[in-house]
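Biologist: I should like to request a close look at a single part of this structure. The sequence and coordinates are shown below.

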Amino acid sequence: MYRLQDAGFTCVHDSDAPHGEIAVINTCGFIGDAKEESIRTILQFAERKSRHQLRKLYVMGCLSERYLTELSDEIREVDRFFGKFDFDKLLEELSHEAPSESQYKRKLTTPSHYAYLKIAEGCNRRCAYCAIPLITGPYKSRPFDEIILEAEWLAGQGVRELQLIAQDLTYYGIDLYGTNRLAELVEKLSYIKGIEWIRLHYAYPTDFPLDLLRVMRERENVCKYLDIALQHCSDHILSAMHRHITKQQQTELIETIRREVPGICLRTTLMVGFPTETDDDFQELMDYVRQMRFDRMGAFAYSEEDGTFAQRHLADDVPESVKQKRLDQLMALQQQIADQLDAEKIGRQLKVIIDREEDDYYVARSEFDSPDVDPEVLIRKDQTRKLQIGEFYQAVITDSENFDLYAKII
Ligand code: SF4
């Protein structure tokens, strides 16, 4: 978007492209639901194009990368489909000029006080159910110095919170430098002036870089927060998923993380209904969730993805109704755990950042809450004090309800 603006276009990150203008749809091809949402969006825009409400319509991203020929044949209203990384081709198509190189500058589509910072693309892990390595290719770390430059540039634009992302954060550096450099990167980022929070998303448990834990413990602006997808706990399911870890190793890792970074908030993702998952495996997973008491949890029902090992070699043998029932049970259990953990926070003082205003409330987050996926901290507006979006305040938690916390500024 930054490069398009550089070429003279005005860009809005909005699903309501102005009448008669150009729309570029970014798609996701990760799992069935995401693919359906992408297709639905393309069809909505194709309809607008056929009613002459749009001048041009382009589609890019993972789904387009994977099914370029099929989509081009099926949806004729789209002027052109591009692959996930075809930014130069899109720029050439639109501006008919050699594209400018911005390297790391970009237009933010998040509120101006936080930004996602991608440190690598692709994945080398090859989990049996996952299509991501097939779409994005092998792991490719971004150069260390380039990430630092981008973070400094973002800080200069007013960004105060960085969300570090990659398909697999914990492999950073191995492909490019022959050694894991995640801890070093996070530590260096933590010295950038103006960056008050650094949050880590998408860690992988096998070969976890333990030196990262010292940085998380010692550097105050590295959030005590880690998003680490475990997917399951039953040994035979972990093995069938090609996760290269056992239940015991996984449990020991979680215990180590909690011991080395006291008070850390752990978010995980789990999957139900993977081929061969029995009722016993599922009960084992429920017991594990009870035992581990993750602060946050997301869960998916397995969906068979084209070209993956599981799709080619394993029968999708858990009925959809069973998958859904297990998913509902797992989420209901996590809701109970989250309610208990939230109730324990009442009376506690936390630093919060204000994300936005909504009706009678300021909507804020603490270092334990990532935007969009985690609960929010709601602060009732008070006539005597106006709070600033993107500013940090000290708050005391007064109540909890339905996954969200209520607080007062102190
Ligand atoms: S680590 Fe994540 S992105 Fe990589 S293959 Fe496994 S699930 Fe997919």
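My question concerns strand β9 (residues 222-228): how many of its residues are buried? Please also describe the strands and helices around this element.

Modeller: The model is predicted. In strand β9, six of the seven residues are buried, so that the strand is mostly covered under the cut-off of 20 or more other C-beta atoms within 10 Å. Strand β8 (residues 197-203) pairs with β9 in the parallel sense, over three bridges. Within this pairing, isoleucine 228 in β9 is the bridge partner of alanine 203. Helix α10 (residues 211-218) belongs to the same unit: β8, α10 and β9 form a right-handed β-α-β arrangement.

β9 also pairs with β10, again in the parallel sense and over three bridges. Here leucine 226 is found opposite leucine 266 of β10.

Continuing from β10 (residues 265-272), one reaches strand β11 (residues 296-301); these two strands run parallel and are joined by six bridges. Valine 272 has alanine 301 in β11 as its bridge partner. Between β10 and β11 the chain passes through helix α13 (residues 279-292), and this β-α-β crossover is right-handed.

For contrast in topic, the model also contains a closed barrel of five strands, in the order β12-β13-β14-β16-β15, with mixed pairing. The twist there averages 50 degrees from one strand to the next. Within the barrel, strand β15 (residues 392-401) and strand β16 (residues 404-409) run antiparallel and are joined by six bridges. Valine 396 has lysine 408 in β16 as its bridge partner.

Note on methods. Residues numbered from 1 in each chain as written. Predicted model: local features only at pLDDT ≥ 70, side-chain atom pairs only at ≥ 80, totals over all residues. Pairing = 2+ DSSP bridges. Helix = DSSP H or I, 4+ residues; strand = E, 2+ residues; numbered from the N terminus. Right-handed = clockwise from strand over helix to strand, strands pointing away. Buried ≥ 20, exposed ≤ 12 C-beta atoms within 10 Å, placed from the backbone. Axes fitted to C-alpha atoms, helices over the stretch in contact; angles between N-to-C directions.
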